[in-house]
Amino acid sequence: MAGKKKLKLQIITPQKQVLDKEVDFIALPAYNGEMGVLPGHVQYVAKLNYGVLRYKDGNTQEEFAIMGGLAEIAHDVVSVFAEDAALAEEIDEAEAKQKLAQAKASLSSHDADIDMELAEMELKKALLMLKVKNKKTKF
Amino acid sequence: MESLRDIRQEIKSIKSTKQMMLTMKMISSARIKKAQQQMEDGRPFAKKMAVMIDNLRKDIQNPSSEIHNLPAYRFFDNSSTDKNSVALVLITADKGLCGAFNAVALRAALKWVRENDEKEKYIFVIGKKGRDFLRRLKVPRLHLAGELIGIFPRASYAHAAMIKDTLFELSQKYNISRVDLIYNDFKSMASQSLISKTFLPFNFNEIPGEEDLSDFIFEPSMLDIFLTLLPRYLSASVYRFLLESQAAELAARMNAMEAASKNAGDIVDKLSVKLNKVRQATITNEITEIVSGANAINN
């Protein structure tokens with residue numbers, strides 16, 4: 001593989017840098033459909049959907065759940081700015097389900113102490129997490 | 001003269017207060033490391049968002065750009081003539097016992113209210129101390145537009161996003177031309193400084209431009225990218241302010257508690273000296289009484 005060009009993939013969320021890695025190929029959940037990126041790609045800024053980001057490095061392939069955002073491609077550096085991101089394999093299905101149930105419960109409880117908007121965001125996140133997880137198992 | 005028992009009681013109570021202060025200091029110093037880490041982790045995102053906004057500067061400032069027709073353009077328009085409504089984001093703490101931390105922020109807020117006396121004022125307040133203060137404040141044309149209580153020491157990006165949403169709503173509903181910001185900046189463990197500045201409209205001079213996005217292809221369109229970028233940039237900025245204030249609060253509390261427990265130690269020392277004197281005096285008294293009693297019998 002000597003001399004083969006690689007892409008640098010950075011996944012950055014407001015909380016922290018999730019990933020910084022050299023990879024061969026990336027598929028982004030772009031707004032108008034999935035978009036593949038190989039080394040030497042033209043300079044590009046794309047809006048991202050809620051969806052799955054895949055990347056391939058040699059023989060390993062991994063998936064991330066991406067909660068919307070932007071991707072910038074410049075000089076073989078792909079920077080993904082997402083609201084939140086999670087490695088599909090690290091998503092705990094039971095935990096996501098529990099969070100989903102929790103969010104639903106707090107949304108329907110009408111308790112003044114509960115932060116409605118926060119609960120709604122949690123709900124959306126839990127749904128995507130489950131979606132990504134289930135999609136993965138279907139392959 | 002105080003009795004021995006009274007003094008012992010006092011020493012005991014001061015010692016237990018001191019113990020509490022030391023505990024609070026330790027809690028703060030344990031949390032501050034986490035708060036600092038959180039600030040560090042959030043930096044790449046905020047920085048990149050700012051750089052990307054800056055890269056769109058040419059498009060934003062281009063008078064024929066579609067951005068000028070957007071309601072969001074007001075965040076970049078420095079020439080707005082309608083200055084009748086202003087907003088303030090005030091970040092304080094939920095709890096006291098952190099030195100002048102809340103006092104300086106509230107003083108600055110009061111100054112801001114006076115300066116904008118004639119205008120419609122909308123305040124978004126974070127922290128119980130600030131909210132209670134503003135509720136007591138009876139000033140005409142002052143509106144409490146939103147409050148966020150009990151988020152420290154676990155301020156998250158979701159909170160920042162909520163503040164951003166409220167600001168967006170407010171600015172459209174009430175035609176707000178300027179959003180100011182008051183918070184405590186975390187300089188170091190030993191010092192915090194109050195920041196009172198204009199948050200919006202956007203000041204391009206604050207961020208150094210790095211690369212140029214003019215060669216880029218945008219998908220779906222530059223306008224869409226701009227609309228995606230802007231809320232994220234604002235949230236990331238607000239998030240940073242929250243984290244700064246959070247770390248500053250912990251640092252302030254740490255210092256205040258350290259000073260207080262030192263003072264408590266001094267008082268205990270003084271009381272111990274007093275206790276010993278009183279005890280000595282009592283003993284001397286008793287001896288004198290016994291000796292004089294014995295003398296009386298002998299005579």
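Colleague: So helices are DSSP runs of H or I with at least four residues, numbered from the N terminus. With that in mind, where in chain B does B:Ala247 lie?

Modeller: This is a predicted model, to be clear up front. B:Ala247 sits in helix α6 of chain B.

Colleague: Buried or exposed, that B:Ala247?

Modeller: Buried: B:Ala247 has a relative accessibility of 0%, and the cut-off for buried is under 20%, so the label follows.

Colleague: And which residues does B:Ala247 touch, skipping those up to four places away in sequence?

Modeller: With those left out, B:Ala247 touches B:Ile32, B:Ala35, B:Met39 and B:Phe186.

Colleague: How far apart are the C-alpha atoms of B:Ala247 and B:Leu271?

Modeller: They're separated by 36 Å, with the two positions 24 residues apart along the chain.

Colleague: What about B:Lys270 and B:Ile11, how far apart are their C-alpha atoms?

Modeller: That separation is 9.6 Å, although B:Lys270 and B:Ile11 are 259 residues apart along the chain. B:Lys270 is in helix α6 too, and its relative accessible area of 64% makes B:Lys270 exposed.

Colleague: Switching to salt bridges. How many are there over all chains?

Modeller: The count comes to 18 over all chains. One of them is in chain A, where the side chains of A:Arg54 and A:Glu34 meet with N to O at 3.0 Å. A:Arg54 lies in strand β5 (residues 44–57) and A:Glu34 in strand β4 (residues 33–37), so this pair ties together parts of chain A that are 20 residues apart in sequence.

Colleague: How exposed are A:Arg54 and A:Glu34?

Modeller: A:Arg54 is partly exposed at 25% relative accessible area, while A:Glu34 counts as exposed at 52%.

Colleague: OK, and which residue does A:Glu83 form a salt bridge with?

Modeller: B:Arg232, with the closest N and O atoms 3.2 Å apart. That pair crosses between chains: A:Glu83 is in the loop between β7 (77–82) and β8 (85–87) of chain A, and B:Arg232 is in helix α6 (residues 222–298) of chain B. Both A:Glu83 and B:Arg232 are buried.

Colleague: What does B:Glu258 pair with?

Modeller: B:Lys25, through a side-chain salt bridge at 3.6 Å, N to O. B:Glu258 is in helix α6 and B:Lys25 in helix α1 (residues 4–55), so here the tie is between parts of chain B that are 233 residues apart in sequence. B:Glu258 is partly exposed at 41% relative accessible area, and B:Lys25 is partly exposed at 23%. Elsewhere, salt bridges that share partners join B:Arg131, B:Asp132, B:Arg135 and B:Glu147 into one network.

Colleague: On to the surface. Which residues gather in a patch of positive charge?

Modeller: B:Arg31, B:Lys34, B:Lys95 and B:Arg154. Of these, B:Lys95 is found in the loop between β1 (85–91) and α3 (101–115) of chain B.

Colleague: Which residues make the nonpolar surface patch of about 240 Å²?

Modeller: B:Ile283, B:Ile287 and B:Val291 make that one. B:Ile283 lies in helix α6 and is partly exposed, at 34% relative accessibility.

Colleague: Backbone oddities next. Where are the cis peptide bonds you'd point me to?

Modeller: One joins B:Phe152 and B:Pro153, with omega about 0 degrees. B:Pro153 is in the loop between β3 (142–148) and α5 (157–173) of chain B. Another runs from B:Glu219 to B:Pro220, again with omega near 0 degrees, and B:Pro220 lies in the loop between β6 (217–219) and α6.

Colleague: What's phi at A:Asp76 and at B:Asn175?

Modeller: A:Asp76 has a positive phi of about 60 degrees despite not being a glycine. A:Asp76 is in the loop between β6 (60–74) and β7 of chain A, and is buried at 15% relative accessible area. B:Asn175, also a residue other than glycine, has a positive phi near 55 degrees. B:Asn175 is in the loop between α5 and β4 (178–186) of chain B and counts as partly exposed at 35%.

Colleague: Last one: what does the secondary structure of chain A come to?

Modeller: Two helices and eight strands, in the order β-β-β-β-β-β-β-β-α-α along the sequence. Buried residues are 47% of the 139 in chain A. Chain A exposes about 7,200 Å², with carbon and sulfur atoms supplying 51% of that area.

Note on methods. Residues are numbered from 1 along each chain as its sequence is written. Chains are lettered from A and ligands numbered from 1 in the order in which they are written. This is a predicted model: local features need pLDDT of at least 70, side-chain atom pairs count only at pLDDT 80 or more; totals for chains, interfaces and linings use all residues. Side-chain values use heavy atoms; hydrogens and water are left out. Buried means under 20% relative accessible area, exposed over 50%, partly exposed in between (1.4 Å probe, protein chains only). Accessible areas come from the Shrake-Rupley method with a 1.4 Å probe; for residues, only the protein chains shown count as cover. Patches are made of residues with over 30% relative accessible area and no salt bridge: like charges are joined within 9 Å, nonpolar side chains (Val, Leu, Ile, Met, Phe, Trp, Tyr) within 5 Å. A salt bridge is a side-chain nitrogen of Lys or Arg within 4 Å of a carboxyl oxygen of Asp or Glu. Lys and Arg count as positive and Asp and Glu as negative; His and the chain ends are not counted. The place of a charge is taken as NZ of Lys, CZ of Arg, CG of Asp or CD of Glu. Contact means heavy atoms within 4.5 Å.
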